[in-house]
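Work through the following exercises with the coordinates at hand. Each task is followed by a stepwise solution.

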Amino acid sequence: MSSAPGGLGFIGLGVMGEPICRNLALKAGVSVSAYDRDAAPLARLAALGVRAADSVKAVAEQADIVFLSLPSGEVVAELARAADGLLAAVRRGQIVVDLGTSPVELTRQLAREFAGRGASFVDAPVARTRAAAEAGTLSVMAGADAEIFRQLRPLLGMFASDVTHCGAVGCGQVVKILNNMVLFETVVALSEAHAIGTRSGVDPQLLFDTLSKGSADSFALRNHGMKSILTGQFPERAFSAEYARKDLSYALRLAQESAVDASGARNADGWLRQAIEAGDGELYFPVISRLIGRKH
């Protein structure tokens, strides 16, 4: 790909990171090096020519643009600020792209720290499912200055069908955090509707099918509702209750900073907390429907 200035790096090959890295390896037309503590995804990606790096520093040395797909902003900060981390290894002109969901102020602070090294740190959190990551149809919400976004846009399009430039650094995180907040609150509403409808004598399949034909239709209904709440399927290695609560904590922090009484978000947080306390923290977060549906 001619618009990429050199090799690409990828750190974090988990549920979303591995398929995103795979799409880049297949489409970018430049070398890709990757690092993860788990050797299994590195072995799978090796068949596509992805080179396994033995450290974060090694990735930074081999790539002009480094993508991060990590569990939280706190992990991103730790990886960046470690003695042998990204800030110690980056060089002038490099771009580091956080594809995960991280706190807004932390993102902006890291951007300042990377700028002090002559490098750029931008946020481009992804939304949608692992299946979308596999298909290259994620949604990306980017926070970057216009020129950096122009450089990244072709690469982001290799794993996303929708790429939105949300504004300066941090704005992508604001939009992604609010996207997730709305999703979590919607899943609470669907769980309540499922419980009420079932106890009132309505077939839950009929209920959700009919909701999908009216103004209650939504992505959450068709995916989280029909594929998880309705079937009672809450697998591991999906978007867990623990991850959901982590993201929701970022939304609640933003709400507090903005002096907004986000009571709906607090309610969703309460259900996620109860699911985690019940031992379901590693399960797909619509597992909250089991708690909401229980008779008290």
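**Exercise 1. Determine the exposed area of the chain and its overall dimensions.**

Step 1. The chain exposes about 13200 Å², of which carbon and sulfur atoms supply 53%; accessible areas come from the Shrake-Rupley method with a 1.4 Å probe, and for residues only the protein chains shown count as cover. The model is predicted: local features need pLDDT of at least 70 and side-chain atom pairs pLDDT 80 or more, whereas totals for chains, interfaces and linings use all residues. Residues are numbered from 1 along each chain as its sequence is written, and side-chain values use heavy atoms, with hydrogens and water left out.

Step 2. The C-alpha trace spans about 65 × 45 × 35 Å along its principal axes.

Step 3. Buried residues (under 20% relative accessible area; exposed is over 50%, partly exposed in between; 1.4 Å probe, protein chains only) make up 51% of the 296 residues.

**Exercise 2. Identify the residues that touch the most other members of the largest nonpolar core.**

Step 1. A nonpolar core is a set of buried Ala, Val, Leu, Ile, Met, Phe, Trp, Tyr and Cys residues joined through side-chain atoms within 4.5 Å.

Step 2. In the largest such core, of 37 residues, these are Ile-20, Phe-67 and Phe-159. Helix α8 (residues 146-156) contributes the largest share, 5 residues; helices (H or I, at least four residues) and strands (E, at least two) are DSSP runs numbered from the N terminus.

Step 3. Another core, of 36 residues, lies apart from it and includes Val-187 and Phe-208.

**Exercise 3. Characterise the ring pair formed by Phe-10 and Phe-67.**

Step 1. Rings of Phe, Tyr and Trp (its six-membered ring) pair if their centres lie within 6.5 Å; planes under 30 degrees apart count as stacked, over 60 as edge-to-face and the rest as tilted. The count comes to 8 aromatic pairs.

Step 2. Phe-10 and Phe-67 are stacked, at 6.2 Å centre to centre with 25° between the planes.

Step 3. Phe-10 belongs to strand β1 (residues 8-11) and Phe-67 to strand β4 (residues 65-68), so the pair ties together parts that are 57 residues apart in sequence.

Step 4. Phe-10 is buried at 0% relative accessibility, and Phe-67 is buried with a relative accessible area of 0%.

**Exercise 4. Analyse the pair of Phe-184 and Phe-239.**

Step 1. Phe-184 and Phe-239 are stacked, with 6.1 Å centre to centre and 15° between the planes.

Step 2. Phe-184 is buried at 2%, whereas Phe-239 is partly exposed at 28% relative accessibility.

Step 3. Phe-184 and Phe-239 form one aromatic cluster with Tyr-243, Tyr-284 and Phe-285.
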